[in-house]
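Let's take a walk through this structure together, going from the inside outwards. Please keep the sequence and the model open beside you as you read.

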Amino acid sequence: MTGFILAGCASSSQDISAAYVSPMTYQSYDCQELTAELQRISVRVNQVSGTVDSRSSNDKVAMGVGLIIFWPALFFLKGNGPEADELARLKGEYDAVEEAGIQK
């Protein structure tokens, strides 16, 4: 039962793995464009990470309240949302841009 409940909790940003993005996507970029793309991705990663971490914290609070005080609070667990998918994609893009930069 506990494993089922914990599966409903949202992951923190550091626990979300990068999705694979091919470095070939950035093959035509020059070094300046790669640097700009890394900066753009970094800004968005920070924004989305904040949302993901906030959702994770809220789920942890609801889990604590639900397990200790008021079990219907467990219905408020949101789990991973679209932000987690976006974060995985962004992490993959970041890795791909770095790889493209190394190849240049």
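Throughout this walk, two residues are in contact when heavy atoms of theirs lie within 4.5 Å. Keep in mind as well that you are looking at a predicted model.

A good place to begin is Leu90, in helix α3, which spans residues 82-103. Is Leu90 buried or exposed? Its relative accessible area is 1%, and buried means under 20%, so Leu90 is buried. Apart from residues up to four places away in sequence, Leu90 touches Ile41, Arg44, Val45 and Val48. Another residue to find from here is Val21: its C-alpha lies 9.0 Å from that of Leu90, although 69 residues separate the two in sequence.

From Leu90 we can step across to one of its partners, Ile41. With neighbours within four places in sequence left aside, Ile41 is in contact with Tyr26, Leu90, Glu93, Tyr94 and Val97. Ile41 also appears in the largest nonpolar core, a set of 15 residues, where Ile16, Tyr26, Ile41 and Leu87 have the most contacts inside the core. Which helices supply at least two residues each? Both α2 (31-68) and α3 do so. The largest share of this core comes from α3, with seven residues.

Tyr26, another of the residues with the most contacts inside that core, leads us to the aromatic rings. A pair of aromatic rings is described by the distance of the centres and the angle of the planes. The model holds one aromatic pair. Tyr26 and Tyr29 make up this pair, with 5.2 Å from centre to centre and 85° between the planes, an edge-to-face arrangement. How accessible are these two tyrosines? Tyr26 has a relative accessibility of 4%, so it counts as buried. Tyr29, in turn, is partly exposed, with a relative accessible area of 25%.

Now for the charged residues, beginning with Glu93, which has its place in helix α3. Why does Glu93 count as buried? Its relative accessibility is 11%, and the limit for a buried residue is under 20%, so Glu93 falls on the buried side. Leaving out neighbours within four places in sequence, its contacts are Val21, Tyr26, Arg40 and Ile41. Tyr26 and Ile41 are thus in this list, and both are among the residues with the most contacts inside the largest nonpolar core.

Side chains of opposite charge can pair when their charged atoms come close. The model has five salt bridges. In one of them Arg40 pairs with Glu93, and the closest N and O atoms are 3.5 Å apart. This pair links distant parts of the chain, as Arg40 sits in helix α2 and Glu93 in helix α3, with their positions 53 residues apart. While Glu93 is buried, Arg40 is partly exposed, its relative accessible area being 41%.

Glu93 has a further salt-bridge partner in Arg89, with 2.6 Å from N to O. The side chains of Arg89 and Glu93 are also joined by a polar contact of 2.6 Å. Because Arg89 and Glu93 are four residues apart in helix α3, about one helical turn separates them. Arg89 in turn forms a salt bridge with Glu86, where the closest N and O atoms are 3.8 Å apart. Here the spacing is three residues in helix α3, so Arg89 and Glu86 are again separated by about one helical turn. Arg89 itself is partly exposed, with a relative accessible area of 36%.

Which residues make up the network of salt bridges? Glu37, Arg40, Arg44, Glu86, Arg89 and Glu93 are linked in it. One of these, Arg44, is a residue we met earlier as a contact of Leu90.

Let's finish at Arg55, which is found in helix α2. With a relative accessible area of 22%, Arg55 is partly exposed, because buried means under 20%. Its C-alpha atom is separated by 9.9 Å from that of Ser13, and the two residues are 42 residues apart along the chain.

Key. Residues numbered from 1 in each chain as written. Predicted model: local features only at pLDDT ≥ 70, side-chain atom pairs only at ≥ 80, totals over all residues. Heavy atoms only, no water. Buried < 20%, exposed > 50% of the residue type's maximum accessible area, 1.4 Å probe, protein only. Core = buried A, V, L, I, M, F, W, Y, C linked by side-chain atoms within 4.5 Å. Polar contact = N/O pair within 3.5 Å; in protein donor to acceptor, adjacent residues only side chain to side chain. Salt bridge = Lys/Arg side-chain N within 4 Å of Asp/Glu carboxyl O. Phe/Tyr/Trp six-rings, centres within 6.5 Å; stacked < 30°, edge-to-face > 60°.
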